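Me: I am new to this structure and would like a careful look at one part of it, followed by whatever connects to that kind of detail elsewhere.

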Amino acid sequence: MVFQRCFVASGLIAFLAFGCSGGANSSIENTTQVVQESNVTQLFIEAKATQKAEDFFHQGNHLLDGQRYEDAIKAYDKAIAIKIENPEAWINRGIALTSLQRYKDALASYDKAIAIQPDKYEAWYNQGIALTSLQRYQDAIASYDKAIAIQPDKYEALINRGIALTKLHRYQDAIASYDRAIAIKPDLHQAYYNKACSYALQNNLELAIENLDKAIKLLPDKYKKLAKTDPDFSKVRSEKQFQELVQ
């Protein structure tokens, strides 16, 4: 089956604007001015810290893109040390950990992001990926359901949800999940291929061929090659129709 990989979260650099006021003559007015200057100084310090956290965050993203996962984690840790309430840094830290197959540590990172921002789609989606990798399929489905509830038009979560359902031998539910993804994006080759896998696992040759054919028409080289060795097709691989389709 074809799995949808991680989403990388992004962040925005925060900018603060400051204004100045004129001096005053009375002692009361001077006292007020001192307080205002103190507030401006504090805001300036906070703005510099925020900018530094953003710099570490973007550095982590660059390292993550370069597949330098250990270094990316260190950069995200620095960003979080300055600004702990940063869901994007926690999510991308989790993605780096997932890429290192440190799934339990990744889950802890996603949990932090969700605690900060419970409606963060990327946190639930990537949590589902880590849970799937740990073969905790029922929990993974629950995470994908959360992601889908937040952003119903994100077909990636529906595809991965279908895979988790297939692992639990809930083939009809899996196919329904793929159909929902196809309704969002009709040329979704991954969904057709995974539907074919689900039908093949049920030894339903006709529908397995029908959906595999749709996937192959969209990406011929990829799915012909993949289907030849995918164990999901073991029940139908010897059939003439299957052999002709993948040649």
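In which helix is the place of Asn92? Please begin with that residue and then go on to the salt bridges.

Reply: Everything that follows describes a predicted model, and the account starts with the residue you asked about. Asn92 has its place in helix 3, which covers residues 87-99. With a relative accessible area of 0%, Asn92 counts as buried, because that value is under 20%. The side chain of Asn92 has a partner, since a polar contact of 2.8 Å joins it to the side chain of Asn61.

Another buried residue is His189, found in helix 9, which covers residues 189-201. The relative accessible area of His189 is 19%, and this residue is therefore classed as buried, the cut-off being under 20%. Leaving aside residues up to four places away in sequence, His189 touches Ala215, Leu218, Leu219 and Tyr223. His189 can also be set beside Lys217, which lies 28 residues away in sequence, with 8.7 Å between the two C-alpha atoms.

Lys217 leads on to the salt bridges. Lys217 forms one with Asp213, and the closest N and O atoms of this pair are 3.3 Å apart. Both residues belong to helix 10 (residues 205-218), where they are 4 residues apart, about one turn of the helix. The two partners fall into separate classes of accessibility: Lys217 counts as exposed at 64% relative accessibility, whereas Asp213, at 23%, counts as partly exposed. Elsewhere, salt bridges that share partners join Glu70, Arg102 and Asp105 into one network.

Side chains of opposite charge can pair when their charged atoms come close. A search of the whole structure finds 13 salt bridges, and two further examples can be described with their surroundings. In one of them, the side chains of Asp173 and Arg170 meet with an N to O distance of 3.1 Å; Asp173 is partly exposed at 37% relative accessibility, and Arg170 is likewise partly exposed, at 32%. In another, the side chains of Asp187 and Lys185 meet with an N to O distance of 3.0 Å. Here Asp187 has a relative accessible area of 40% and is partly exposed, while Lys185, at 29% relative accessibility, also counts as partly exposed.

To return to your starting point, Asn92 is a buried residue whose side chain is joined by a polar contact to that of Asn61.

Key. Residues are numbered from 1 along each chain as its sequence is written. This is a predicted model: local features need pLDDT of at least 70, side-chain atom pairs count only at pLDDT 80 or more; totals for chains, interfaces and linings use all residues. Side-chain values use heavy atoms; hydrogens and water are left out. Helices (H or I, at least four residues) and strands (E, at least two) are DSSP runs, numbered from the N terminus. Buried means under 20% relative accessible area, exposed over 50%, partly exposed in between (1.4 Å probe, protein chains only). A polar contact is a pair of N or O atoms within 3.5 Å; within protein, one must be able to donate a hydrogen and the other to accept it, and residues adjacent in sequence count only if both atoms are side-chain atoms. Contact means heavy atoms within 4.5 Å. A salt bridge is a side-chain nitrogen of Lys or Arg within 4 Å of a carboxyl oxygen of Asp or Glu.
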